[in-house]
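This note is offered to a colleague who is meeting the structure for the first time. Please read the numbered points below with the sequence and the model in view.

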Amino acid sequence: MNKERIPGLVSIIIPAYNSEKTVRETLESCIEQTYDNIELIVVNDGSSDMTERIVSSFVDKRIRYRSTANRGVSHARNVGLEMSRGEFIQFLDADDLIYPSKLETQVCYLKNSKLFDLVYCFTEYFIEERKKVIHINESVFEGDVAHRMMRGNFLPIHAPLIRWCDLAFDKELGNLEDWDYWIRFALSGRRFACIPEVLCSVRVRENSRSSDYQRLLKYYLAVMDKYSNIPDYEEDVSYVKFVRLAELGNVRSILYVKKLHKNSPKGTVRDVLLMIYLWTKCYAKRLLGILGIRKKW
């Protein structure tokens, strides 16, 4: 990767795949930033729609465009990282939005706080059709967050601004590649900070990659397998596997309950009750599916 960084420059990396309906609004949210020392790197991941034409319609010298074969979001982000020249990196999906003051606020924080390599903000989630905010992520975890991050991703991909680092996305992961990226970012000793203010938005859609929960759970296990041999994080890995397998109704979760409490019985009853609850929820959902009843949990 290019290691000659331009001080103060923010590289906004936007992978786009068949994003004709949303990419214009996403780019506009970048162009409207109060911090204008930016470059917008759009990597078209083999789109078959009007994405390229829409991006090309913008007359802004800060926009840099690359078209590639369809190889997935991790590859597209890695291409963007290769192209980037900024001291700071902002990841952004082609259907999400950042508030006008986001980059100015976060750049100022990182310039004044040399101990931190990542600063993130609160995130609002809105329903695409109704433009209605349905949730605000207000998680606050700061400093060394490796143990907390190992137990689950609390960062939407575009909430943080980071100092550039020689770290790429895992192209073998078909999902949760962002969580894996933040785990490795934290394991490298980099410190996290939070600005408790909503500065970005996530568009919630029925056909998004994260909406297929059954498929998503399998990637949780794939990510955890990558870190199962690190002794300091054995308990974190075991806990995630236990919860995710219980959510799938998998009896292997019993093995992880035993592993979690092999040295101490503390919490065993709690986790057994949690397992029973998750199993009940799993099989109730399957039964409703068989009956043709769709219910969001």
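1. Lys61 makes a convenient starting point. With a relative accessible area of 87%, Lys61 is exposed. Lys61 sits in the loop that runs between helix 2 (51-56) and strand 3. The C-alpha atom of Lys61 is separated by 9.2 Å from that of Leu40, a residue 21 positions away along the chain. The reader should bear in mind throughout that this is a predicted model.

2. The neighbours of Lys61 in sequence deserve a remark. Arg62 and Asp60 join their side chains in a salt bridge, with 2.9 Å from N to O. Arg62 is partly exposed, its relative accessible area being 22%. Asp60, at 19% relative accessibility, counts as buried, because the cut-off for that class is under 20%.

3. Salt bridges are numerous enough to be listed with some care. How many does the structure hold? The total is 14. As a general matter, side chains of opposite charge can pair when their charged atoms come close.

4. One of these salt bridges joins two strands. Glu39 and Arg64 form the pair, and their closest N and O atoms are 3.0 Å apart. Distant parts of the chain are linked in this way: Glu39 belongs to strand 2 (residues 38-45) and Arg64 to strand 3 (residues 63-68), with the two positions 25 residues apart. Glu39 is buried, at a relative accessible area of 1%, whereas Arg64 is partly exposed at 23%.

5. A further salt bridge is formed by Arg163 and Asp117, whose closest N and O atoms are 3.7 Å apart. Arg163 lies in strand 8, while Asp117 lies in the loop between helix 4 (102-112) and strand 6 (118-127), so the pair ties together parts that are 46 residues apart in sequence. Arg163 is buried, with a relative accessible area of 14%.

6. Some charged residues are linked beyond a single pair. Asp170, Asp180, Arg184 and Lys226 belong to a network of salt bridges.

7. Helix 3 should be examined for its cover. This helix spans residues 73-83, and ten of its eleven residues are buried. Among the buried ones are Val73, His75, Arg77, Asn78, Leu81 and Met83. Which elements cover them? The cover includes strand 1, strand 2, strand 3, strand 4 (86-91) and helix 6.

8. The aromatic side chains form a second theme. The structure holds 13 aromatic pairs. In one of them, Phe91 and Trp182 meet edge-to-face, with 6.4 Å from centre to centre and 65° between the planes. Phe91 is in strand 4 and Trp182 in helix 6, so this pair ties together parts that are 91 residues apart in sequence. Both partners are buried: Phe91 has a relative accessible area of 1%, and Trp182 has 0%.

9. The same pair of residues has further aromatic company. Phe91 and Trp182 are part of one aromatic cluster that also contains Phe169, Tyr181, Phe185 and Phe192. Phe185 has, in addition, Arg190 over its face, at 5.3 Å from the ring centre. Elsewhere, Arg148 lies over the face of Phe141, at 4.4 Å from the ring centre.

10. Two backbone angles merit inspection. Most residues other than glycine have a negative phi. Asn18, which is not a glycine, has a positive phi of about 45°. Its place is the loop between strand 1 (6-16) and helix 1 (23-31), and Asn18 is partly exposed, with a relative accessible area of 31%. Leu176 also has a positive phi, near 60°. Leu176 is found in the loop between strand 8 (161-163) and helix 6 (177-187).

11. Is Leu176 buried or exposed? Leu176 is buried, at a relative accessible area of 9%.

12. The last point concerns the surface. Val269, Leu273 and Ile276 make up a nonpolar patch there, and together they present about 300 Å² of accessible area. Ile276 is located in helix 10 (residues 268-290). The relative accessible area of Ile276 is 44%, and the residue is therefore partly exposed.

Terms used:
Residues are numbered from 1 along each chain as its sequence is written. This is a predicted model: local features need pLDDT of at least 70, side-chain atom pairs count only at pLDDT 80 or more; totals for chains, interfaces and linings use all residues. Side-chain values use heavy atoms; hydrogens and water are left out. Patches are made of residues with over 30% relative accessible area and no salt bridge: like charges are joined within 9 Å, nonpolar side chains (Val, Leu, Ile, Met, Phe, Trp, Tyr) within 5 Å. Accessible areas come from the Shrake-Rupley method with a 1.4 Å probe; for residues, only the protein chains shown count as cover. A salt bridge is a side-chain nitrogen of Lys or Arg within 4 Å of a carboxyl oxygen of Asp or Glu. Helices (H or I, at least four residues) and strands (E, at least two) are DSSP runs, numbered from the N terminus. Buried means under 20% relative accessible area, exposed over 50%, partly exposed in between (1.4 Å probe, protein chains only). Contact means heavy atoms within 4.5 Å. Rings of Phe, Tyr and Trp (its six-membered ring) pair if their centres lie within 6.5 Å; planes under 30 degrees apart count as stacked, over 60 as edge-to-face and the rest as tilted. A charge sits over a ring if NZ of Lys or CZ of Arg is within 6 Å of the ring centre and within 35 degrees of the ring normal.
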